[in-house]
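Here is a short, friendly tour of one protein model. Please have the sequence and the 3D view open as you read.

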Amino acid sequence: MMQFDVRRLDIYRKVPKDLTEPTTTGAVISVLSCLFMTFLFLSEFYSFIGTEIVSELFVDNPSGSNELPVELNITLPRIRCDFLGLDIQDEMGRHEVSFQQNIERIPIDGGEGCQFQGHFNINKVPGNFHISTHGAGRQPDNPDMAHTINSLKFGEQIMEKIPGAFTALQDHDKQDANALSSHDYILKIVPTIFQKLDGTTKFSYQYTWAYKDYITYSHGGAILPATWFRYDLSPITVKYIERRKPLYHFITTICAIIGGTFTVAGIIDSSILTATEMFKKHQLGKLS
């Protein structure tokens with residue numbers, strides 16, 4: 001009985017070196033191929049060890065809470081702090097005038113202006129919050145709500161660089177507006193989830209805005225300007241997921257780089273060799 005030779009399974013049959021011939025063209029192509037493969041390998045390696053952010057959309061209340069955290073920082077250079085207050089209203093019946101909790105007023109320009117800042121919660125229903133003099137015991141003689149919005153943020157802060165309008169009104173300047181105007185910002189708030197590579201999750205909100213200004217009068221005919229932020233929430237939630245490419249993807253790509261480069265280099269080398277031999281035959285007159 002003949003013994004089975006496992007070498008018969010070798011699909012990579014070896015050719016003796018004395019039956020092969022190295023060429024200068026082959027050497028050049030081999031060096032260029034190695035350089036090209038090294039470049040592609042390093043590019044793919046850096047892509048593999050890095051992360052990518054993908055997004056998806058779905059309908060949901062992402063955090064499960066019925067309240068939305070708000071952080072507001074606004075500078076009003078031409079009205080004193082003691083006249084200003086934060087009023088909050090919504091369609092659930094909430095109506096708070098001169099809301100005080102976590103609100104800070106910092107006098108500027110010798111007390112003639114005010115930096116108004118604070119953080120508070122609003123219900124996840126359409127409503128508004130506004131900076132006004134409605135809760136003041138005495139109204140200013142010349143109310144001027146010209147302002148600069150230093151920042152307006154909703155939900156947790158996402159420090160990573162991902163696409164989205166999380167601070168759309170940051171550094172927005174309206175100090176050149178009519179002194180008697182009320183300022184109306186209409187906000188469309190989009191719930192946003194960011195899931196990090198380690199599995200931790202942040203619940204934030206990005207928003208778009210539109211603006212208009214107008215003059216409004218009280219029942220007594222007095223002009224009472226204010227800065228309004230009217231908001232509504234989108235039912236669509238955006239989820240960003242930070243992830244790294246799987247190892248099998250990296251290995252597959254490397255195999256494709258090596259195999260593809262060797263195949264293309266072999267075709268190029270064979271084509272050049274064939275063309276060279278035909279040229280030599282033509283010079284010798286042996287090309288029929």
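## Sorting residues by type

Ala, Val, Leu, Ile, Met, Phe, Trp, Tyr, Cys and Pro count here as nonpolar; Asp, Glu, Lys and Arg count as charged; the others, Gly among them, count as polar. With that in hand, the lining of the largest pocket divides into 5 nonpolar, 5 polar and 2 charged residues. Please keep in mind that this is a predicted model.

## The largest pocket

Rolling a probe the size of a water molecule over the atoms shows where empty space is left. In this model, the largest pocket holds about 350 Å³ of space. Its lining is made up of E21, T23, G26, I29, S30, S33, C34, F262, A265, G266, D269 and L273.

Which helices each supply at least two residues of this lining? They are helix 1, residues 24-49, and helix 2, residues 247-284. To find the spot in your viewer, you could select residues such as S30 and D269, which are both among those that line the largest pocket.

## Helix 1 and its covered side

Helix 1 has 26 residues. From its first C-alpha to its last it reaches 38 Å, close to the 38 Å expected at 1.5 Å a residue.

Which residues of helix 1 are buried? They are G26, I29, S33, M37, E44 and F48. An α-helix has 3.6 residues a turn, so residues three or four places apart point the same way. Helix 2 is included in what covers the buried residues of helix 1. Of those buried residues, G26, I29 and S33 also appear in the lining of the largest pocket.

## The second largest pocket

The second largest pocket holds about 160 Å³ of space. Lining this pocket are R78, I79, R80, F83, E112, R138, P140, D141, N142 and P143. By type, these residues divide into 4 nonpolar, 1 polar and 5 charged.

## Strand 13 and its partners

Is strand 13, at residues 236-243, mostly covered or mostly uncovered? It is mostly covered, with 6 of its 8 residues buried.

Strand 13 pairs with strand 1 (residues 52-59) in the antiparallel sense, over 8 bridges. Here E56 stands opposite K239 of strand 13. Strand 10, residues 182-195, runs parallel to strand 13, and 4 bridges join the two. In this case F194 stands opposite Y240 of strand 13.

## Two residues with positive phi

S98 lies in strand 4, which spans residues 95-99. Although S98 is not a glycine, it has a positive phi of about 55°. The relative accessible area of S98 is 22%, so this residue is partly exposed; buried would mean under 20%.

N102 is found in the loop between strand 4 and strand 5 (103-108). N102 is not a glycine either, yet its phi is positive, at about 60°. Is N102 buried or partly exposed? At 42% relative accessibility, N102 counts as partly exposed.

## A loop residue and a distant partner in sequence

S65 sits in the loop between strand 1 and strand 2 (67-76). Because its relative accessibility is 31%, S65 counts as partly exposed. How many residues along the chain lie between the positions of S65 and K124, and what separates their C-alpha atoms? The two are 59 residues apart along the chain, and their C-alpha atoms are separated by 8.6 Å.

How values were computed: Residues are numbered from 1 along each chain as its sequence is written. This is a predicted model: local features need pLDDT of at least 70, side-chain atom pairs count only at pLDDT 80 or more; totals for chains, interfaces and linings use all residues. Side-chain values use heavy atoms; hydrogens and water are left out. On a 1 Å grid over the protein atoms alone, a cavity is a set of points where a 1.4 Å probe fits but cannot get out, and a pocket is an open set with protein on both sides within 12 Å along at least five of seven lines; lining residues have an atom within 4 Å of a point. Grid points are joined across faces, edges and corners, and a volume is the space filled by probe spheres set on the points. Helices (H or I, at least four residues) and strands (E, at least two) are DSSP runs, numbered from the N terminus. The expected span of a helix is 1.5 Å times one less than its number of residues. Buried means under 20% relative accessible area, exposed over 50%, partly exposed in between (1.4 Å probe, protein chains only). Contact means heavy atoms within 4.5 Å. Two strands pair if DSSP finds at least two bridges between them.
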